[in-house]
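Biologist: Got a minute to go through this fold with me? Pull it up and I'll start asking.

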Amino acid sequence: MRDFQGKVAIVTGSGQGIGRALIERFTDEGMKAVVADVVPELVARTTAELRAQGRDVLGVVTDVTDLESVAALRDATLEAYGSIDVLCNNAGIGSASEGQIWDHHVNDWRWSFDVNVIGIVNGIHAIVPTMLAQDTEGHVVNTTSGNGGFTPLINSAVYASTKSAIATITECLWGQLREVGAKVSASLLFPSTRTPGMLNTGIWRPGANRPEKYDRPGAPPKEGRDVLTPTLERMKAAGIDMQFAPLEEVAALCFEGIRDDVFWISYPTDEQAAKIRARAESQIARTPPDYLLGVNLMAVVPKGDDTGDNDDDNDGDGG
């Protein structure tokens with residue numbers, strides 16, 4: 001895509017965080033945008049604030065785990081704006097699992113996969129056929145993470161597994177779009193910034209807005225578990241001054257990736273490149289994945305009988 005003026009973008013998980021930053025960037029470029037989020041209060045407040053800034057936005061309460069809800073999002077967008085040119089499947093959650101992988105409750109897996117993976121599948125199923133039928137240039141962006149999309153943090157099995165699945169789904173989507181000569185392309189967004197620092201998003205409160213059907217014994221409260229405070233404390237104890245990077249840089253990265261048709265949308269680092277290389281070399285040589293072992297200040301590793309929080313998306317990215 002090169003022409004953005006007047007075009008229409010849907011962004012799921014856009015009531016706050018990276019999703020809202022994407023809405024702001026798209027409308028800065030002259031686009032119309034749809035704020036889609038599962039929390040009605042967030043949709044109402046964010047939409048009102050953005051409209052007060054003069055942005056052309058529509059708010060639609062959307063549960064990405066429900067195909068009918070995503071189809072209703074599509075229909076509301078078409079009724080209001082007449083087309084869909086950019087789809088950002090950005091909604092995502094941290095599982096809030098506890099203990100080791102063999103201790104994780106099955107409902108943590110179900111909830112995470114339903115939101116992070118099936119949510120994207122629903123977006124593709126409900127909206128991409130409309131984009132193709134328009135026979136105009138368009139783009140699909142799926143938000144993944146270096147945690148799973150490249151290599152996993154071993155203490156975040158659930159989250160990393162969902163992000164790995166997103167990477168594979170998007171690779172297949174890109175390939176099939178190319179195979180049929182579509183004017184629509186696809187990309188993977190790895191939330192990252194030029195400015196050093198973590199990303200302060202809702203992902204730091206894993207377990208928030210967890211539906212009753214995914215409940216489990218000992219689940220975090222409805223407002224979620226605060227994992228930011230203990231993370232900051234661990235960083236401080238290690239002598240590290242933790243900084244937050246501006247979310248606008250993630251939005252700028254995403255927009256430029258769409259404009260330039262970049263598949264792997266990310267700001268690469270030497271550390272991440274080394275892990276990717278080590279993984280590939282391990283696969284080729286069939287050696288143990290020793291590159292996964294190391295100190296991770298983003299997660300609490302349980303010791304003895306202490307099954308602390310160790311499966312949240314504490315790399316600070318995500319929707």
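Biologist: Which strands does helix 2 lie across?

Modeller: This is a predicted model, just so you know. Helix 2, residues 40-52, lies across strand 2 and strand 3. Against strand 3 the helix runs at about 175 degrees.

Biologist: And helix 3, what does that one lie across?

Modeller: Strand 1 (8-12), strand 2 and strand 3. Helix 3 runs at about 155 degrees to strand 3.

Biologist: OK, the sheet itself. What's the strand order?

Modeller: It's an open sheet of seven strands, ordered 3-2-1-4-6-7-8, with parallel pairing. Strand 3 (57-61) and strand 8 (264-265) each have a single partner strand, so they are the edges, with one side of each lacking a neighbour in the sheet.

Biologist: How many bridges join strand 2 to strand 3?

Modeller: Five, and the two strands run parallel. As for a specific pair, Val34 has Leu58 in strand 3 as its bridge partner.

Biologist: Switching to helices. At what angle do helix 3 and helix 4 cross?

Modeller: Roughly 30 degrees, with the axes of helix 3 (residues 67-81) and helix 4 (residues 106-134) coming within 7 Å. Angles under 35 degrees count as roughly parallel, so helix 3 and helix 4 are roughly parallel to each other. The crossing is right-handed.

Biologist: Which residues make the contact?

Modeller: From helix 3, Leu67, Val70, Ala71, Arg74 and Leu78. Helix 4 puts in Asn122, Gly123, His125, Ala126, Ile127, Thr130 and Gln134.

Biologist: What's the mix by class?

Modeller: Six nonpolar, five polar and one charged.

How values were computed. Residues numbered from 1 in each chain as written. Predicted model: local features only at pLDDT ≥ 70, side-chain atom pairs only at ≥ 80, totals over all residues. Heavy atoms only, no water. Axes fitted to C-alpha atoms, helices over the stretch in contact; angles between N-to-C directions. Helix = DSSP H or I, 4+ residues; strand = E, 2+ residues; numbered from the N terminus. Parallel < 35°, antiparallel > 145°, perpendicular 65-115°, else oblique. Left-handed = near helix turned anticlockwise from the far one by under 90°. Contact = heavy atoms within 4.5 Å. Nonpolar A, V, L, I, M, F, W, Y, C, P; charged D, E, K, R; others polar. Pairing = 2+ DSSP bridges.
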